[in-house]
Amino acid sequence: MGAPVYKSIAPFALLAVASAALLTGCASGPATDTAEHFATSTEDTLEQSVGSRPVVDCGTDPIELVDGTVVTCVLTDPSTGTQYDTSVTISEVKGSDYHIDVKVADSPKE
């Protein structure tokens, strides 16, 4: 059996939840996480949900950790290279912890 294809999970509008530790700076205002750490947390969440690890890119800008913030990332199926828009919603921000809900687009990016 080959590697799972993420296209098969996309139509289900995958929703997943995970806790993630955040990296904070000394500046006032909302806490932030690095885009790289945020993407890794998203990969961890999806791997737990579907059993294989995608590649997720959430850009390079720091992510402000504010309840309700939606971060647009790109999921790449490592077995095919197919890319999907992925919405990651931040919730339950408490100190250095937060939750994410992940929704993978139904169709690949064009």
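Two residues are in contact when heavy atoms of theirs lie within 4.5 Å. In the predicted model examined here, residues 24 or more positions apart account for 55% of the contacts in the protein chain with a separation of 6 or more. The chain contains one helix and seven strands, and from the N terminus on these elements follow the order β-β-α-β-β-β-β-β. Of the 110 residues in the protein chain, 35% are buried. The accessible surface of the chain amounts to about 6,200 Å², and carbon and sulfur atoms contribute 52% of this area.

The largest nonpolar core consists of 17 residues, among which Phe38, Cys73 and Ile90 touch the most other members. Two or more residues of this core are supplied by each of α1 (35-50), β5, β6 and β7. Strand β7 provides the largest share, namely four residues. The surroundings of Phe38 were examined further, with residues up to four places away in sequence left out of the count. On this basis, phenylalanine 38 touches Asp33, Cys58, Ile63, Val71, Cys73, Val88, Ile90, Tyr98 and Ile100.

Strand β7, which spans residues 97-104, has two faces that differ in their cover. Tyr98, Ile100, Val102 and Val104 form the covered face, whereas Asp97, His99, Asp101 and Lys103 form the uncovered one. Two residues of the covered face, Tyr98 and Ile100, are among those touched by Phe38. Strand β7 pairs with strand β6 (residues 83-94) in the antiparallel sense, over seven bridges. Within this pairing, lysine 94 stands opposite aspartate 97 of β7.

The structure also holds one disulfide. In general, such a link is a covalent bond between the sulfur atoms of two cysteines. Here the partners are cysteine 58 and cysteine 73, whose sulfur atoms are 2.0 Å apart. The pair links distant parts of the chain, 15 residues apart: cysteine 58 belongs to the loop between β3 (55-57) and β4 (63-64), while cysteine 73 is part of strand β5 (residues 70-76). The disulfide is right-handed, because the torsion about its S-S bond is about 105 degrees.

Both partners are buried. A residue is assigned to this class if its relative accessible area is under 20%. Cysteine 58 therefore counts as buried at 9% relative accessibility, and cysteine 73 is likewise buried, with a relative accessible area of 1%. Phenylalanine 38 touches both cysteine 58 and cysteine 73.

Definitions and conventions
Residues numbered from 1 in each chain as written. Predicted model: local features only at pLDDT ≥ 70, side-chain atom pairs only at ≥ 80, totals over all residues. Heavy atoms only, no water. Buried < 20%, exposed > 50% of the residue type's maximum accessible area, 1.4 Å probe, protein only. Pairing = 2+ DSSP bridges. Disulfide = S-S within 2.5 Å. Core = buried A, V, L, I, M, F, W, Y, C linked by side-chain atoms within 4.5 Å. Areas by Shrake-Rupley, 256 points an atom, 1.4 Å probe, with all protein chains shown as cover.
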